[in-house]
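This report is an introduction for a reader new to the structure. It goes through the cores, helices, aromatic groups and backbone angles in turn.

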Amino acid sequence: MANSDVLIVGAGIFGVSTAYYLSLSLPDASRVTVLDRAPVPSRQAASTDINKIVRADYSKAFYMDLAYEALDLWTKEAWLQEHFHQTGWVALDEKGSDLSQRIRALFKQSGRPDTSADISLQEVKSNWGAVLSGINTDGFDKAYTNSSAGWANASSAVRAMMQRAIENGVKYQVGEADELVYSKNQVSVRTTDGQTHTGAKVLLATGAWTPWLMASLESALSIPPDRSINKQVQAAGVCVAAFRLSEPESQHYGHMPVLIYGGQGEVLPPTDEQLFKFTNSNTFRNTQPHPCGREISVPATDQHSIPASLKAESLDIIRQRVPEILADHPEPSEWRLCWDAVSPDQNQLICQHPDPRLANLYLATAGSFHSWKFLPVIGKYVANVLAGRSNGKEKDATWGWKTSFDSRGAHEKVLPRRELPRG
């Protein structure tokens, strides 16, 4: 049996950032253990990715402020700077959408320098070496740029932060969480190898696997469905594609900023490894019968087995944005089903479990496909929750366990509206 003061289950952005901040604040960081199924970065984690967007462009002041706090570290902290590429972005707005206006109004209200600017759809096609000359702008009527945005090397940044936490004394242990065990008013974690891991405080930073992992414990304690973790978050997946480019191709497409194709998804500039990534917003559930008797969405076992219908859908999406890439690359080099925990209002869930029987159980999850950029700062707030300190009225309410949810969320386009296609 492995014992810790704080046991963090999951080494994605929530778990790693929390471990890092605990390593800075606790007198003995060796009493903190991070447990994950694989060495960091785990191949299955949503945080393990080619690259992720970093931006402060939000229609909610809460997240704009948090993103600016993160951006300050992305641009000024030397060990984070090396993972961040401030390419700027260009965002297209669908006809009838007021999203861009709401975002840019918040920029002005914030009192910060406004780094955004209008750009015509024709300029989107002609600027940046005409990399986006083939983009389909049907259904769009305006666009804007923002020079403060960019992208970060996802896996390497997570690895770098975990390494700093380890250097400060945090322990890292490989083991796949299989079951949450309840005994003597304490939750512990049993891994697939039969070991039991305990902590005076256990933090589940288990992302899309959280509802499935908690289901047996909730069943054993007779927690009713309306108070289940499944009401707070659910696992959602999205199909991501990437092309491995030649050096000349990488230089060509490297001129472009991050492209936001309205509410339909993004295109990210090529990485140093010459991978050119396309995303979309067509998320889905993977609802399966849990042994406890409940129906729960859970990540598909094989993240690289892509149904033919999803491939066809993704190729059509790519064709709308950068059609010429398909001339020399009929199909992406890499496919992935990327999974995250999504909450009904797309706010994170960072709190102590509300059931008094589970007093040593804490949650840091619900990335909702927009939280990776907060890697430099989110752990500070999770560490406060673990210490019983308030993060302020607004943050406590936004990240707390809820009985009702706002009608308009922080990242609504990622709410899953269908099941994972089977063919």
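Buried means under 20% relative accessible area, exposed means over 50%, and partly exposed lies in between, with a 1.4 Å probe and protein chains only. Serine 368, with a relative accessible area of 0%, is therefore buried.

The model is predicted: local features need pLDDT of at least 70, side-chain atom pairs count only at pLDDT 80 or more, and totals for chains, interfaces and linings use all residues. Residues are numbered from 1 along each chain as its sequence is written, and side-chain values use heavy atoms, with hydrogens and water left out.

## Nonpolar cores

A nonpolar core is a set of buried Ala, Val, Leu, Ile, Met, Phe, Trp, Tyr and Cys residues joined through side-chain atoms within 4.5 Å. The largest such core has 66 residues, and Ile8, Trp74, Trp372 and Phe374 touch the most other members. Helix α2 (residues 61–76) gives this core its largest share, nine residues. A second, separate core holds 37 residues, including Ile119, Val131, Ala241 and Phe284.

Contact means heavy atoms within 4.5 Å. Leaving aside residues up to four places away in sequence, tryptophan 372 touches Ile13, Ser47, Lys52, Val54, Trp74, Ala152, Asn153, Ala154, Ala157 and Val158.

## Three helices

Helices (H or I, at least four residues) and strands (E, at least two) are DSSP runs, numbered from the N terminus. The expected span of a helix is 1.5 Å times one less than its number of residues. The table sets out three helices.

| Helix | Number of residues | Expected span | Distance between end C-alpha atoms |
|---|---|---|---|
| α2 | 16 residues | 22 Å | 22 Å |
| α6 (residues 154–167) | 14 residues | 20 Å | 20 Å |
| α9 (residues 308–321) | 14 residues | 20 Å | 20 Å |

In α2, the buried residues are Phe62, Tyr63, Met64, Leu66, Ala67, Tyr68, Ala70, Leu71 and Trp74. Those of α6 are Ala154, Ser155, Ala157, Val158, Met161, Met162 and Ala165.

Isoleucine 166 also belongs to α6, but counts as partly exposed because its relative accessibility is 32%. The C-alpha atoms of isoleucine 166 and glycine 263 are 39 Å apart, with their positions 97 residues apart along the chain. After α6 comes glycine 169, which has a positive phi near 120°.

Which residues of α9 are buried? They are Leu310, Ser314, Leu315, Ile317, Ile318 and Arg321. These residues cover an arc of only 160° around the axis, so they are on the same side of α9; the arc is that of the directions from the helix axis to the C-beta atoms. An α-helix has 3.6 residues a turn, so residues three or four places apart point the same way. The buried residues of α9 pack against β13 (234–244), β14 (258–261), β15 (266–268), β16 (275–278), α10 (325–328) and β19 (334–342).

## Aromatic rings

Rings of Phe, Tyr and Trp (its six-membered ring) pair if their centres lie within 6.5 Å; planes under 30 degrees apart count as stacked, over 60 as edge-to-face and the rest as tilted. The count by this rule is 16 aromatic pairs. Tyrosine 58 and tyrosine 63 make a tilted pair, 5.5 Å centre to centre with 35° between the planes. Both tyrosine 58 and tyrosine 63 are buried. One aromatic cluster is formed by Tyr58, Phe62, Tyr63, Phe374, Tyr381 and Trp399.

A charge sits over a ring if NZ of Lys or CZ of Arg is within 6 Å of the ring centre and within 35 degrees of the ring normal. Arginine 55 lies over the face of tyrosine 58, 4.0 Å from the ring centre. Likewise, the charged end of lysine 373 sits over the ring of phenylalanine 374, at 5.2 Å from its centre.

## Backbone angles

Most residues other than glycine have a negative phi, and most peptide bonds are trans. Tryptophan 128 is not a glycine, yet has a positive phi of about 55°. Tryptophan 128 is placed in helix α5 and is partly exposed, with a relative accessible area of 24%. Serine 368, also not a glycine, has a positive phi of about 55° and lies in the loop between β21 (361–365) and α11 (378–386).

The peptide bond from valine 40 to proline 41 is cis, with omega near 0°. Proline 41 is in the loop between β2 (32–36) and β3 (52–54).
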